[in-house]
Each structure stands twice: as C-alpha cells, then as structure tokens.
Amino acid sequence: MNPLLSIENISKRFSSAGRRVAALDNVSLTIAAGETLGLVGASGSGKSTLSRILLRLLPCDAGAIRFEGEDWLTLRGAALRRRRVRMQMVFQDPLAAFNPLVTVGSVLDDPLRIHGVVSQNRRAGEITMLLERVGLPADYARRPVRALSGGQRQRVAIARAIATRPSLLVLDEAVSALDVTVRGRILELLVELQKEHGIACLFISHDLAVVRAVSHRIAVMDGGRIVETGPAVAVVAAPQSAAGRALVAAVPRLVTEPL
Ligand SMILES: Nc1ncnc2c1ncn2[C@@H]1O[C@H](COP(=O)(O)OP(=O)(O)OP(=O)(O)O)[C@@H](O)[C@H]1O
C-alpha cells in the first residue's frame with residue numbers, strides 16, 4: 001500500500017551572511033495512514049525547515065513530496081487550497097497570534113465556514129462536538145481566547161486543526177511551551193484522537209521524551225540529514241547514531257538507582 005505521505009530527497013540551502021547553509025540534505029521519509037512519526041533533532045538540525053516545506057510555506061531546492069497520492073509540491077491555486085485542508089498544522093501556541101477578543105467559537109467556526117465542512121445550520125453543533133473531542137465544555141465557545149490558559153489554548157488549536165477532517169497533522173514543538181502536567185494531558189489527547197480518528201501525525205520536537213510518548217516510529221535529524229529511523233522503542237532503547245545517543249542521554253532518568 002502507498003504511504004499517506006512520502007518525502008523524497010528534499011534539499012534546501014540558505015544563504016546567510018555570505019555563507020551557504022545546507023539546512024536539508026537529501027531528506028526522505030514516509031508516514032503511513034494513521035501512523036505517528038516523531039521527528040527529533042537538536043536545535044538547527046533542520047526540523048522546522050522540513051515542516052515549512054511540507055506545509056508549502058517555503059519552497060525547496062530539490063526533491064518531491066507525495067501526499068494522498070498527489071504530487072504535493074506542484075499543486076497550485078484552487079487545487080492546493082482544496083487539498084490543503086487534509087494536512088493541518090499545530091505550532092507552539094498558534095492562538096497567541098489571534099486578536100485576544102476573538103472567541104473560541106469563532107476560532108473554530110472559521111475553518112468550518114471557509115472550507116464548507118458542514119452546512120451553516122450544523123456549524124454550532126459541530127463546534128460543540130470539536131470542543132468535546134478536545135476535552136473542553138461547550139460553553140467555552142463563548143469565551144475570549146484571552147481568557148484561556150496555555151493548555152486550553154493548545155486544545156482549541158488542536159480542535160481547529162482537526163475541524164477540516166485532515167488525514168495528517170503536523171505538530172511542530174506543539175507542547176514545548178506547556179508545563180509538564182499540562183503537556184502530559186495534551187499528549188494523551190493526541191494519542192486518543194489518533195486512535196479514534198486514525199489521523200496520522202508528524203510530531204516534531206527537540207525533546208525525545210515527548211516524541212517517544214506519542215510516536216510509533218522515530219526519525220532522528222542531524223545537520224540537515226535523517227541519520228536514523230526505526231520503531232520508537234528501538235530508537236530509544238538502542239540508538240544507532242551519535243545524534244540519537246546524545247538525545248537519549250539528554251532525557252532525564254525517571255528512575256534512578258539508589259547509591
Ligand atoms: N531563513 C533562513 N535563513 C538562513 N538560514 C536559515 C533560515 N532558516 C533556517 N536556517 C538555518 O538552517 C538550519 C536549520 O534550521 P531549522 O530552523 O530548520 O532547525 P530546527 O531543527 O528546526 O531548529 P530549532 O529546533 O532551533 O527550531 C540552521 O542552520 C538555521 O540556522
């Protein structure tokens with residue numbers, strides 16, 4: 001069976017202060033329908049460049065991407081807008097950029113209306129259902145975004161991302177700004193959504209402990225390359241690359257041996 005997403009030999013260079021930086025060097029990876037792939041790597045390894053290329057926010061120099069059977073990087077205009085709803089993103093605190101007076105209801109209503117997900121008379125009911133799915137009471141629809149905590153804002157961001165019924169969520173440092181307990185609850189929510197709705201995820205983080213909690217497979221990036229890919233358990237238990245070993249060593253031990 002063809003993968004949902006296949007990234008093939010993507011390369012990207014930047015010129016900065018007279019120097020050429022190879023941000024991505026022949027990066028290839030695949031994600032199956034319903035699978036969570038964790039993409040982990042130190043700062044500057046190229047993770048965000050890859051997610052920006054995938055989301056069509058940045059052009060690449062070479063390579064191809066196939067998504068849901070289509071040549072993703074050649075889609076333009078109306079065809080791209082139509083297909084884009086199937087790949088949604090959640091960044092670190094995306095709602096921080098919204099006007100703080102905007103209500104949760106209107107944040108969720110926008111994608112439903114713009115993409116005609118449900119008919120007008122069913123939109124209020126759909127908003128209630130989206131809130132319920134991310135563990136928020138229906139009356140949150142009337143609250144201004146400003147009145148929410150960081151964790152609640154990220155729940156609304158996830159609800160907004162799943163409103164268009166995507167087959168792939170790209171989460172780039174989506175829980176990095178949250179405190180540990182809230183982060184754990186959001187990770188649980190993502191795993192639940194994934195199990196219930198079969199949404200595939202590309203879960204990007206510099207934190208291997210976070211990636212391990214949600215991923216089926218993990219890909220390790222270093223210096224713009226994928227240096228290791230494997231089942232999450234195997235990569236964490238016995239990393240094969242130097243970058244993988246460094247990331248494992250950086251995870252605080254939960255259980256320490258008594259002296
Ligand atoms: N717009 C740009 N202009 C010049 N260089 C850039 C630009 N964007 C990224 N880079 C460089 O490309 C490399 C990869 O950066 P990228 O942001 O993709 O890494 P990252 O793994 O996401 O890091 P972080 O976790 O810190 O966000 C780095 O060397 C970075 O300095």
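In this predicted model, strand β9 (residues 217–222) and β10 run antiparallel and are joined by six bridges. Within this pairing, Ala-219 stands opposite Thr-229 in β10. Both strands belong to an open sheet of six strands, ordered β6-β7-β8-β3-β9-β10, with mixed pairing. Its edge strands are β6 and β10 (225–231), each of which pairs on one side only. On average, neighbouring strands of this sheet are turned by 20° against each other, direction ignored. Strands of a sheet pair through backbone hydrogen bonds, either parallel or antiparallel.

Helix α9 (residues 242–250) lies across β3 (36–41), β9 and β10, and runs at about 110° to β9.

A separate set of pairings involves β1, β4 and β5. β1 and strand β4 (residues 62–67) pair in the antiparallel sense over five bridges, and Ser-11 stands opposite Ala-62 in β4. β4 is also joined to strand β5 (residues 70–71), by two bridges and again antiparallel. Here Phe-67 has Glu-70 of β5 as its bridge partner. The hairpin of β4 and β5 has two residues between the strands, and Glu-68 in this hairpin takes a positive phi near 50°.

Positive phi values also occur elsewhere. Most residues other than glycine have a negative phi. The table gives two residues that depart from this pattern.

| Residue | Phi | Location | C-beta atoms within 10 Å |
|---|---|---|---|
| Asn-26 | near 55° | strand β2 | 14 others, partly exposed |
| Arg-165 | near 55° | loop between α5 and β7 | 13 others, partly exposed |

For a residue to count as buried, 20 or more other C-beta atoms must lie within 10 Å of its own, whereas 12 or fewer make it exposed. Asn-26, with 14, is therefore partly exposed, and Arg-165 is partly exposed because its count is 13.

Ala-22 lies in strand β2 (residues 19–31) as well. Ala-22 has 15 other C-beta atoms within 10 Å, so it is partly exposed. Leaving aside residues up to four places away in sequence, Ala-22 touches Arg-13 and Gly-224. Ala-22 and Arg-225 are 203 residues apart in sequence, but their C-alpha atoms are 9.5 Å apart in space.

β2 also contributes to the surroundings of the ligand. Of the 13 residues around the ligand, those that come nearest are Phe-14, Ala-23, Ser-43, Ser-48 and Thr-49. The elements that give two or more residues to this shell are β1 (5–16), β2 and α1 (47–54). The largest share, three residues, comes from α1. By class, the shell has three nonpolar, nine polar and one charged residues.

Helix α5 (residues 150–162) has 13 residues, which at 1.5 Å a residue should span 18 Å; the end C-alpha atoms are 19 Å apart, so the two values agree. The buried residues of α5 are Arg-153, Gln-154, Arg-155, Val-156, Ala-157, Ile-158, Ala-159, Arg-160 and Ala-161. These buried residues pack against two strands of the six-stranded sheet, β6 (87–90) and β7 (168–172), and against the helices α3 (104–114), α4 (123–133) and α6 (180–197).

Terms used. Residues numbered from 1 in each chain as written. Predicted model: local features only at pLDDT ≥ 70, side-chain atom pairs only at ≥ 80, totals over all residues. Helix = DSSP H or I, 4+ residues; strand = E, 2+ residues; numbered from the N terminus. Contact = placed C-beta atoms within 7 Å. Expected span 1.5 Å × (residues − 1). Near = placed C-beta within 6 Å. Nonpolar A, V, L, I, M, F, W, Y, C, P; charged D, E, K, R; others polar. Pairing = 2+ DSSP bridges. Axes fitted to C-alpha atoms, helices over the stretch in contact; angles between N-to-C directions.
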